[in-house]
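Dear colleague,

I am passing on a structure for you to look through at your own pace. Please open it first, and then read the notes below beside it.

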Amino acid sequence: MTRESIVGPDGGEIVRLGPATVRILEDGATTGHRLGIGEITVAPHSSGPPQHRHARHDEGFYVVSGTARFTIGATVHDAPAGTLAMIPPGAPHTFANPGDEPLVLLNTFTPDLYVQYFRDLRELADSGSDSGPGSGGAPLAADAVARVMSRYATEVSDSYADE
């Protein structure tokens, strides 16, 4: 039987990736891999990943604090705290923090496929870092990020899958 999971404010697995920190709150172990949840904190005036689309999972973003800038295809949405963005498979998307304060997002993955993506990026960042494990190292090259994305049915793209 799977036991419940309660993650306190200082709990979770931390993944530092340049200007972003991901705190994995649910890696799918409690939910039978139906759902993964992370908290993403993005430094002010920082971009996110290259625009990409997923083939096998839905992704949700709830803006906890700050303002997110979501780019979905060619459309840009500035989303203040309290906004929910749901991204179905096949929809190209990215996010950024255009503001002067940290951006905090609650990020969901259904199923939990993408949780391991963050761990893989951490490993890649740490392998090129002089700062030691968990430091996040230098910003990752876009082609390296794209190769990691491809492991999780995700590709860099700014167009919809059905276009």
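On the surface of this predicted model, Tyr62, Val64, Leu84, Met86 and Leu106 make a nonpolar patch of about 450 Å². Two strands, β6 (58-65) and β9 (84-87), each supply at least two residues of that patch. Leucine 84, which is found in strand β9, has a relative accessible area of 54% and is therefore exposed, since exposed means over 50%.

Elsewhere there is an open sheet of four strands in the order β4-β10-β7-β8, with antiparallel pairing. Because β4 (46-47) and β8 (75-80) stand at the edges with a single partner strand each, one side of each is left without a neighbour in the sheet. The pairing of β4 with strand β10 (residues 94-97) is antiparallel and runs over two bridges, and in β10 it is alanine 96 that serves as the bridge partner of serine 47.

The backbone also deserves a careful look, since most residues other than glycine have a negative phi, and most peptide bonds are trans. Histidine 45, in the loop between β3 (36-42) and β4, has a positive phi near 55 degrees, and at 55% relative accessibility this histidine counts as exposed. Alanine 153 has a positive phi near 55 degrees as well; this alanine lies in the loop between α2 (142-150) and β12 (154-156) and is partly exposed, with a relative accessible area of 22%. Finally, threonine 110 and proline 111 are joined by a cis peptide bond, with omega about 0 degrees, and proline 111 lies in the loop between β11 (103-110) and α1 (115-127).

With best wishes

Note on methods. Residues are numbered from 1 along each chain as its sequence is written. This is a predicted model: local features need pLDDT of at least 70, side-chain atom pairs count only at pLDDT 80 or more; totals for chains, interfaces and linings use all residues. Side-chain values use heavy atoms; hydrogens and water are left out. Two strands pair if DSSP finds at least two bridges between them. Patches are made of residues with over 30% relative accessible area and no salt bridge: like charges are joined within 9 Å, nonpolar side chains (Val, Leu, Ile, Met, Phe, Trp, Tyr) within 5 Å. Accessible areas come from the Shrake-Rupley method with a 1.4 Å probe; for residues, only the protein chains shown count as cover. A salt bridge is a side-chain nitrogen of Lys or Arg within 4 Å of a carboxyl oxygen of Asp or Glu. Buried means under 20% relative accessible area, exposed over 50%, partly exposed in between (1.4 Å probe, protein chains only).
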